[in-house]
Amino acid sequence: VMVFIPILQTVWLSLNDLSRACFTKGFNSFANYIKVLSDSVFWRVMFNTLVWTVLCVGLSTLIGLVLSLTLNTEFRGRKIARAILVFPWATSLAIYAGMWKYIYDSNYGSLNALLEALGLPAVNWLNNSYPWQMFMMMIAVAIMVTVPFVTFCLLSGLQGISPDYYEAAAIDGAGRWKRFVHVTMPFLRPALNTSTVLNVIYVFNSFPIVYEITQGAPAHQTDTITTYM
């Protein structure tokens, strides 16, 4: 009732002509689908969404794996490091995206201030003439806000692995790399699967980062499917 009825209703609505108030004006078969699929902007946005999802999920998973392995070892200040890592995840995504928009500002942004302090030239990070540069800047923000979630998912998986397995592998002559491949990764797979599936859902549907930083400019070149809709 809660899942299939809304799905069927959505399919039925997609086959009808609707007013702006979402009142059905009549059946129009596949006209809506033809209109969308013949729109060049739609395919551009779909490509952006694919790149956005693959890069954000892939890189955040890789970075999160490295950080989780690091935070799983004993070192001074580990609790502080874990607390700092939580901040981007705990902050409202709209606030976080707005903050980075000001950091990227070409005139007053702290990123250019840092470059100038190091004797490097300032960069127009959000230059409409280079939409792919703008898109990469948004992906960088998305990765930074996603890494904490992935890290803590994987860290929980790592902490569930018994040290006995590592001791047994070491006794059998397995080096650090073989212990990672044959002990860590198999036991970490459930946590990795969970974090990847949830991450794909979150990233694919992400709205605030794109809307706050570029609003899809210029001419939908940096839109994803969520902001385009």
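In this predicted model, the largest nonpolar core holds 24 residues, of which Trp52, Met138, Ile139, Val141 and Ile209 touch the most other members. The elements that contribute two or more residues to this core are helix 3 (40-71), helix 5 (93-103), helix 7 (131-159) and helix 10 (208-213). Helix 7 provides the largest share, 9 residues. In soluble globular proteins, nonpolar side chains tend to be buried together.

The surroundings of Trp52 can be listed in detail. When neighbours within four places in sequence are left aside, Trp52 is in contact with Phe135, Met138, Ile139, Ala142, Val203, Ser206, Ile209, Val210 and Thr224. Met138, Ile139 and Ile209, which appear among these partners, are also among the core members that touch the most others. Another core, of 14 residues, lies apart from the largest one and includes Phe149, Cys153, Leu158 and Phe180.

Several residues of helix 7 and helix 9 were examined individually. Thr146 belongs to helix 7. With a relative accessible area of 9%, Thr146 counts as buried, because the limit for a buried residue is under 20%. A polar atom of the Thr146 side chain lies 2.5 Å from the backbone oxygen of Ala142. Beyond its neighbours within four places in sequence, Thr146 is in contact with Ser60, Asn199 and Val203. Val203 is therefore a contact partner of Thr146 and is listed for Trp52 as well.

Gly157 is also found in helix 7. Its relative accessible area is 16%, so Gly157 is buried. Leaving aside neighbours within four places in sequence, the contacts of Gly157 are with Leu188 and Ala191. Gly157 and Trp89 are 68 residues apart along the chain, and their C-alpha atoms are separated by 19 Å.

Two residues of helix 9 (176-204) differ in their exposure to the surroundings. Ser195, in helix 9, has a relative accessible area of 1% and is buried. Outside its neighbours within four places in sequence, Ser195 is in contact with Phe149, Val150, Cys153 and Leu154. Phe149 and Cys153 are among the residues of the 14-residue core. His182 is placed in helix 9 too, but this residue is exposed, with a relative accessible area of 59%. The C-alpha atoms of His182 and Ile95 are 42 Å apart in space, and the two residues are 87 apart in sequence.

At the start of the chain, Val1, Met2, Val3, Phe4, Ile5, Ile7 and Val11 make a nonpolar surface patch of about 790 Å². Val1 is located in the segment before helix 1 (4-14). The relative accessible area of Val1 is 76%, and the residue is therefore exposed.

A search of the whole structure gave 1 salt bridge. Side chains of opposite charge can pair when their charged atoms come close. The salt bridge is formed by the side chains of Glu74 and Arg78, with an N to O distance of 3.1 Å. The two partners fall into separate exposure classes: Glu74 is exposed, at a relative accessible area of 67%, whereas Arg78 is buried, at 17%.

Some backbone features were also noted. Most residues other than glycine have a negative phi, and most peptide bonds are trans. Cys22, which is not a glycine, has a positive phi of about 70°. This residue sits in the loop between strand 1 (16-18) and strand 2 (24-27). Cys22 is partly exposed, with a relative accessible area of 47%. Ala219 likewise has a positive phi, of about 55°, although it is not a glycine. Ala219 is in the loop between helix 10 and helix 11, and is exposed, with a relative accessible area of 64%. The loop between helix 10 and helix 11 (225-228) also contains Pro218. Ala217 and Pro218 are joined by a cis peptide bond, with omega of about -5°.

Definitions and conventions. Residues are numbered from 1 along each chain as its sequence is written. This is a predicted model: local features need pLDDT of at least 70, side-chain atom pairs count only at pLDDT 80 or more; totals for chains, interfaces and linings use all residues. Side-chain values use heavy atoms; hydrogens and water are left out. Helices (H or I, at least four residues) and strands (E, at least two) are DSSP runs, numbered from the N terminus. Buried means under 20% relative accessible area, exposed over 50%, partly exposed in between (1.4 Å probe, protein chains only). A nonpolar core is a set of buried Ala, Val, Leu, Ile, Met, Phe, Trp, Tyr and Cys residues joined through side-chain atoms within 4.5 Å. Contact means heavy atoms within 4.5 Å. A polar contact is a pair of N or O atoms within 3.5 Å; within protein, one must be able to donate a hydrogen and the other to accept it, and residues adjacent in sequence count only if both atoms are side-chain atoms. Patches are made of residues with over 30% relative accessible area and no salt bridge: like charges are joined within 9 Å, nonpolar side chains (Val, Leu, Ile, Met, Phe, Trp, Tyr) within 5 Å. Accessible areas come from the Shrake-Rupley method with a 1.4 Å probe; for residues, only the protein chains shown count as cover. A salt bridge is a side-chain nitrogen of Lys or Arg within 4 Å of a carboxyl oxygen of Asp or Glu.
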